[in-house]
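Please look over the sequence and the 3D structure below. The report that follows takes confidence first, then the fold, the sheet and the core.

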Amino acid sequence: MPIYAFACGDCGEFEVTRPVAEAAAGASCPACGAQAQRVFTPPGLALLARPMRRALDVEEKSANEPDVVAEKRGRPLHHHHHPHAPAPPWVLSH
């Protein structure tokens with residue numbers, strides 16, 4: 001069941017667990033009973049696979065401070081094209 005965040009003007013934020021069908025319904029502050037406004041938060045990403053979560057973390061970090069690359073990383077690309085070999089039929093010649 002999803003967790004929705006709400007903010008009370010006097011008491012601060014609190015969370016309510018409810019079915020998706022009731023997502024638009026308001027909520028009363030559990031401390032003072034005042035009507036609270038829903039706070040829209042990003043979806044929980046804890047259920048993502050570890051490589052995807054790591055990639056999203058790197059992407060978010062690099063949005064404001066890109067990494068400076070000091071060396072080549074990854075596997076080298078091997079080109080098996082011989083300079084005098086005919087081009088494959090799908091390659092246009094110049």
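## Confidence

This is a predicted model. The chain has a mean pLDDT of 80. A value of 70 or more is reached by 80% of its residues.

Confidence differs between the elements. It is highest in strand 3, residues 27–28, at 94. It is lowest in helix 1, residues 50–62, at a mean of 79.

## Overall fold

The chain has four strands and one helix. Read from the N terminus, the order is β-β-β-β-α. The strands therefore precede the helix along the chain.

Of the 94 residues, 12% count as buried. The chain exposes about 8800 Å². Carbon and sulfur atoms supply 58% of that area. Among contacts between residues at least 6 apart in sequence, 23% join residues at least 24 apart.

## The sheet

In what order do the four strands form the open sheet? The order is 2-1-4-3, and the pairing is antiparallel. Strand 2 (12–17) and strand 3 stand at the edges. Each has a single partner strand, so one side of each is left without a neighbour in the sheet. Strands of a sheet pair through backbone hydrogen bonds.

Strand 1 and strand 2 run antiparallel and are joined by six bridges. They form a hairpin, with three residues between them. Ala5 has Glu15 of strand 2 as its bridge partner. Ile3 stands opposite Thr17, also in strand 2.

Strand 1 (residues 3–8) also pairs with strand 4 (residues 35–39). This pairing is antiparallel too, over three bridges. In strand 4, Arg38 is the bridge partner of Phe6. Gln37 is the bridge partner of Ala7.

## The nonpolar core

Which residues make up the largest nonpolar core? It has nine: Tyr4, Phe6, Cys8, Phe14, Val16, Ala23, Ala27, Cys29 and Ala36. Strand 1 and strand 2 each supply at least two residues of this core. Strand 1 gives the most, with three residues.

In soluble globular proteins, nonpolar side chains tend to be buried together. In a regular strand, side chains alternate between the two faces of the sheet.

## The aromatic pair

A search of the whole structure finds one aromatic pair. Phe6 and Phe14 form it, and the pair is stacked. The ring centres are 5.9 Å apart, with 20° between the planes. The pair counts as stacked because its planes are under 30 degrees apart.

Are these two residues buried or exposed? Phe6 is buried, with a relative accessible area of 1%. Phe14 has 12% relative accessibility and counts as buried. Both belong to the nine-residue core.

## Cys29 and Cys8

Where does Cys29 sit? Its place is in the loop between strand 3 and strand 4. Cys29 is buried, at a relative accessible area of 5%. That value is under 20%, which means that this loop residue meets the cut-off for burial.

Cys29 and Phe6 are 23 residues apart in sequence. Their C-alpha atoms are 8.2 Å apart in space. Setting aside residues up to four places away in sequence, Cys29 touches Cys8, Cys11, Phe14 and Ala34.

Cys8 is another member of the core. Not counting residues up to four places away in sequence, Cys8 touches Phe14, Cys29, Cys32, Ala34 and Ala36. Phe14 and Ala34 thus appear in the contacts of Cys29 and in those of Cys8.

## Ala27

Ala27 lies in strand 3, one of the edge strands. Is Ala27 buried or exposed? At 5% relative accessibility, Ala27 counts as buried.

Which residues does Ala27 contact, leaving aside neighbours within four places in sequence? They are Phe6, Phe14, Val16, Arg18, Ala34, Gln35 and Ala36. Both members of the aromatic pair, Phe6 and Phe14, are among these contacts. Ala27 and Cys8 are 19 residues apart along the chain. Their C-alpha atoms are separated by 9.4 Å.

Technical notes
Residues are numbered from 1 along each chain as its sequence is written. Side-chain values use heavy atoms; hydrogens and water are left out. Buried means under 20% relative accessible area, exposed over 50%, partly exposed in between (1.4 Å probe, protein chains only). Contact means heavy atoms within 4.5 Å. Accessible areas come from the Shrake-Rupley method with a 1.4 Å probe; for residues, only the protein chains shown count as cover. pLDDT is the predictor's confidence in each residue, from 0 to 100. Rings of Phe, Tyr and Trp (its six-membered ring) pair if their centres lie within 6.5 Å; planes under 30 degrees apart count as stacked, over 60 as edge-to-face and the rest as tilted. Two strands pair if DSSP finds at least two bridges between them. A nonpolar core is a set of buried Ala, Val, Leu, Ile, Met, Phe, Trp, Tyr and Cys residues joined through side-chain atoms within 4.5 Å.
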